[in-house]
Each structure stands twice: as structure tokens, then as C-alpha cells.
Amino acid sequence: MKYVTKQPLLSGGVIERNIIELNAFDKTVFSVISTCKNFFSKIVSHDKYLTKKIILRSEALALLSDDELYQLLKKQRQWLCCHSLDDHALIETFSLIREVSGRTLNMRHHHTQVRAAIALLRGEIAEMATGEGKTLAATLAASTAALMGIPVHVVSVNDYLTERDAQEMLVLYEGLGLSVGIVKHDMEMSERREAYYCDITYCSNKELVFDYLKDRIARNNKLTNPAFQCELTTDPDVAERLMQRGYHFAIIDEADSIFVDEARTPLIISGEEKFGDAEEKLLRTAMIIADELTIEMHFIINEQGGVQLTPQGEKHLSEGSTTYGGLWRSREYRESLISQALTAYHKYHLNKHYIINEDNEVQIVDAYTGRVTPGRSWGQGLHQMIEIKEGLELTKPRETKAEISYQNFFRKYFTLSGMTGTCFEVKKELRDVFRVDCSAIPLLKKSQRCRLKINVDLTLTDKVKSITSYIQTLHETGVPVLVGTATVSASEALEKSFLSAGLPCQVLNAKQDKEEANIIAQAGQYKAITIATGIAGRGTDIKLSPEAKKIGGLHVIITELQDSSRIDRQFYGRSARQGDPGNYSLMLSLEDDILMRVIQPSLRRMLVTFASVGLWRNKLGYSLLRMCQYRLEKLHYKQRIQLLNSDIKRQRMLSFSGKSEYD
């Protein structure tokens, strides 16, 4: 059995894996090997055998005194530093960590967490259901690798989860003699460097990648990687400019969110561009012209969500170019500028794609988490056009200094692993792009989750009424309800309807992101009604009150299908955790955004008419909405692959010019 292995460490050096792209034949062979390996492991049940041995050995260690356990741990660490990890060493190391965890945290890893940790050390994605204890499971793999002398990065989706997980597990790591670093948004470079040089580093995905880009800029953008490694050996001061020391072993929490949902947009470090009165006048003129254009006549919005000018729209711009002169005489420039302006008007909407904070700043809302993303801005003048649209003061555009896609960054790790509640829908993509397999971890307790109903209304107004009526019925019985919406505006519309009906509720969206954990943690209380956007609260436990358990547990209501079925599965996975009772329902409409974005108006009217017939409305309407969701999943997959290929192509072009990715 192959587990994580040590790589040579350079003092202050940057160690990373070189990726060799696979052709179609290689991918097929790799896929067949992975499938056979998974099939063989299920038949042999090797992980089950190892888990049983680990728990038995751990129970034997419970008889030792603290000093005896410490001496055994010290001896095992010395052995691991000189040898590779095999099954026997794995059993001994996991047993020691499990016993130390019991004595420090008063928690011992149960058998499903042990199996998940084994998968992590093999460099796989462990699919564990919500509430199964991923945070504790990660400590087995992270501690084992750190005891071997391998630098470990434990990556979460935000600073709150990063700090929470590290602080909760800190006493265990200290009991094992390991150092732990935490990287957060407001830390200085020296603090970050110290955190990265710890045995185990907890950080968010964005902070990790941005620090990588900052290190690239710190290389003066002149050195190729081999030349840089050479300079490190001759000039120790060079290492002081860097924060990170390489990419050896990573454990990615919520791996599907990072590897898939956030992988359609590259991460960019930028500086301010020159922006004067002439540039501002161009943008304001574009917004004025765009406001005069009519949809269908001058432009259309295609299935991919892009704006496309019609021949009549192009003619209209050409005729107006003589009036404005200058750059407007260039067909390519004016059409690009107007397309951006139309995008600002018709594709990006307040309280859906962005909010305006208390400082009158436009802040982007992450489409998948419902959280604001401080410091991010749209490029190519789009951000400034939205500020013009909202009547705000214009910020300066940003100039790209360094960029990389998530796909290319995380493939730099010699061993890459992760945990998530949903990954099997995208296991082929994870295998092809990141070369990691998915491993399904069995439930600790049998799930009691039930789907109660699917309701599809004709209009959004009817849907809001149906949801309000349904929740009123549930509220009278005391059942706690978690309502999932796709946008900030939808959550606020439901809140208004609930309050009008006398239903007290808590709202969690991008405007309340600072109180996220506290709000979502209370969603399991008797008679609680919580409205949340997207997968807000992901990573926070919803604990049921005794009264709520007696009456059926948490009831999750999905009011709109997300762009991916995985996200829907994550959301209704908030109920019935760890064997608790719980239910979920879907209450949708034929005016939901997902249908509007995918199907053209004329075809949509025909399909809606057909789907709205009598008793078949719910079944046909749901099938239609799922079809739209499937098409969006395919589209987003193509976008992610296109971004990866574009990133690879850019690096190859740089290499032909005598440079590299680091230049």
C-alpha cells in the first residue's frame, strides 16, 4: 500500500511537483487502474482490516502511563524520520495518535474517521457525510505526516473555519510534540512565514494561493526556478523574501468547493493602473450608450450568460461612433466596451452578484457560498461600470502582476488529499485534473433523512406563498426549519413574507456573514426558522435541541436548484446528521433563475405550458429544472477545463521565450 512519502527539503527552498500532462490514452489507462484499485480494495477490505488493527492496538495503549506513552511516541517519531510509512508503521502511529487524542481532547477517532484518514494518507478525496467528524479525522493523517518530517498544509474555505479547527485540535498536536501555525487574512509577512515553517499549517485556500503569488513576485520576476534554487544555496538572504517552503502534503477540507466550485476563476494579484479623466469618460459614455440599447433588438444574452451584439446593434454602434470619435472609431474596442457595459447592466445584479456595504463599496458575493469576498474586484472596467450603475465613487482599475488557477496550483503538491460530503458527482474531473481518487467512507450511524415533498409552482409569487404556508404548518408543530435560497434578494423576499405571516425568522446571507456561525448553529432549536443563501454555514454544526429531536429533527427546504446538484446535496445534508432524525423538501417554480438562464424565451414558454398541466406539474416541472441544472454543470465543467488549458498554454509560451511560470 502506497502512502505519503518524504521529499528532500531545501533550507528556504521551494519544493513542488512538476506536472506532466496526460494525453487521452494515459487518462484512460489511469482511469482503468483507479477503477480496478477501488474495486479490489472493496473486495479485500484492506482498510477495514487496518482500522480494526488500529483500534485494537489503541485499546492496548490505554493501559500505559502518560510517561510510557510519551516514550513510545518519541521512539515511533524517530523511526518514522528514517523510514517510509508501511502498514505496520501506520497501525502503530495511528494507534498512538488516537490514544493521545483520547487523553488530550477526550475524543478518540471512531472507525469511519480512521478509514477516512487512511484514504487521506494515500492521496485520495474522502467522501464523508456532513457531521461525521472530518476535522478530527484530518488530525490522524496530518499528525502522521508531520511526525515523518513532512510539512503539512490543512486548507479550509475561510479564515473562521481555519482558526476554529486549528484551535480545537491544538492541544492534540501539542501532546504529540508538533508545532501548529495559523495563516489569516490580517497577518504580516513575518507572521505568515513563521506559520508556514511549523510542522502543520492551517490556512484558507485563498490565503495559501495569494501567498504563493506574493512569493513569485518576491523572486523579482527574473529568475527561472532552477536559477532561483541555485541562488538560494549561495545567498541566504534570498530565502528571507519568501513565506512558503514548498508543497509537500495538503489536506483540503470541503475539497469539492475549492477544486470545482471556485475553480472557474483564476486568482490574481494586481496593482493600481493609471486611471484619469479620459478613462472615466470612456466608461461613463459606454454606460450611457448601453442603457439606450434594447434586448433582442440590439443584443442577446446567450446560454453561457454572455452578451452578444446583434447585426442591428453593431450597426447602431457604428453610426454613433462618428459622434464620439477617438477610440470609438475602432470596431473591436467599442464592441468590447459596450459588451462590458451591457454585462454590468443585465448580468450582474445588486443583492445577487454583489452588495453595497456600509462604506458605499461594491463587494462581490461568492455564487456558491453566499459570502462576500473582500478585496476582490472584476477586471476590464466591469467593476467601475457597476459603480457607475449604482451611482458610487469610482475605484481605480487593477493591473495584473501575477495569476494562477486553482487547478495548476494544487497540482504542485507531491501528495494531495481532501475531505468533502460530495465528490462522486465530479470524481472523473478530480481524477483527470488533480489525479486523485475518491473514496466513499461509510456512515457511523444509519441515516434517517427522508424527502417529504417536491412542489413546483408556476410563478415565483406562488412559490413564496406555498413556502410560507408550508412553514406555517411546520412551525405550529415546533419543527425547526432551514430554508435555502440562491440569492440575497430571494432571502429577503422570503423574510418579508414570513414576517407578514407572523413567523419569526433569522436570515443568513452575505450581509450577515460575520454572524454566520452563531446564526446557523441555532437553526436546530425548537420552532427556529432560518433562511440561508447557498451553502452558508458550511462547516458549522447544527445541533438539535431535545424537543426538536422528538418531533422529527431539522427540516431543510430547498427553494431553488443551484448550478450543481452537489451543492443541493450539501444543503439538505444539513439535516439528519450523525443518525439524528431529519427531513427535506424541494419547493421550486417554473420562473426560477436556473430555467431562465438556460432555455430561450420561446422554448421556455412552450415547455412551461406543457409542464404546468394538472397533476403532472410537479414531476414534469422538476424534471425540466433538473435538466437545466445538468446543462449548467456541463457548461461549468467546460469552463474549468478551458481555464486549466489556458493556464498551461500560457506557461508553455513563456517557456518557449526562455522564461518560466516564475518569470
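In this predicted model, Leu482 has Val556 of strand S18 as its bridge partner. That bridge offers a way into the sheet, since the parallel pairing of strand S15 (residues 481–485) with strand S18 (residues 554–558) runs over four bridges. In general, the strands of a sheet pair through backbone hydrogen bonds, in either a parallel or an antiparallel manner.

The wider arrangement is an open sheet of six strands, which follow one another in the order S14-S19-S18-S15-S17-S16 with parallel pairing. At its edges lie strand S14 (448–457) and strand S16 (506–508), each of which pairs on one side only. When direction is ignored, neighbouring strands of this sheet are turned against each other by 20 degrees on average.

Helices accompany these strands. Helix H18 (residues 460–477) lies across S14, S15, strand S17 (529–533), S18 and strand S19 (581–589), and runs at about 160 degrees to S19. Helix H22 (residues 565–572) also packs on the sheet, where it touches S14, S15, S17, S18 and S19, and its direction makes about 155 degrees with that of S18.

Turning to the nonpolar interior, the largest core has 52 residues, and Phe94, Leu121, Ile200 and Phe249 are those with the most contacts inside it. Helix H6 (residues 134–147) supplies the largest share of this core, namely nine residues. A second, separate core has 39 residues, among them Val209, Leu267, Ile404 and Leu416. In soluble globular proteins, nonpolar side chains tend to be buried together.

Phe249 can be followed further: leaving aside neighbours within four places in sequence, its contacts include Val4, Leu120, Leu121, Ala141, Ala145, Ile150 and Tyr413.

Technical notes:
Residues are numbered from 1 along each chain as its sequence is written. This is a predicted model: local features need pLDDT of at least 70, side-chain atom pairs count only at pLDDT 80 or more; totals for chains, interfaces and linings use all residues. Side-chain values use heavy atoms; hydrogens and water are left out. A nonpolar core is a set of buried Ala, Val, Leu, Ile, Met, Phe, Trp, Tyr and Cys residues joined through side-chain atoms within 4.5 Å. Buried means under 20% relative accessible area, exposed over 50%, partly exposed in between (1.4 Å probe, protein chains only). Helices (H or I, at least four residues) and strands (E, at least two) are DSSP runs, numbered from the N terminus. Contact means heavy atoms within 4.5 Å. Two strands pair if DSSP finds at least two bridges between them. Axes are lines fitted to C-alpha atoms, for helices over the stretch in contact, and angles run from 0 to 180 degrees between N-to-C directions.
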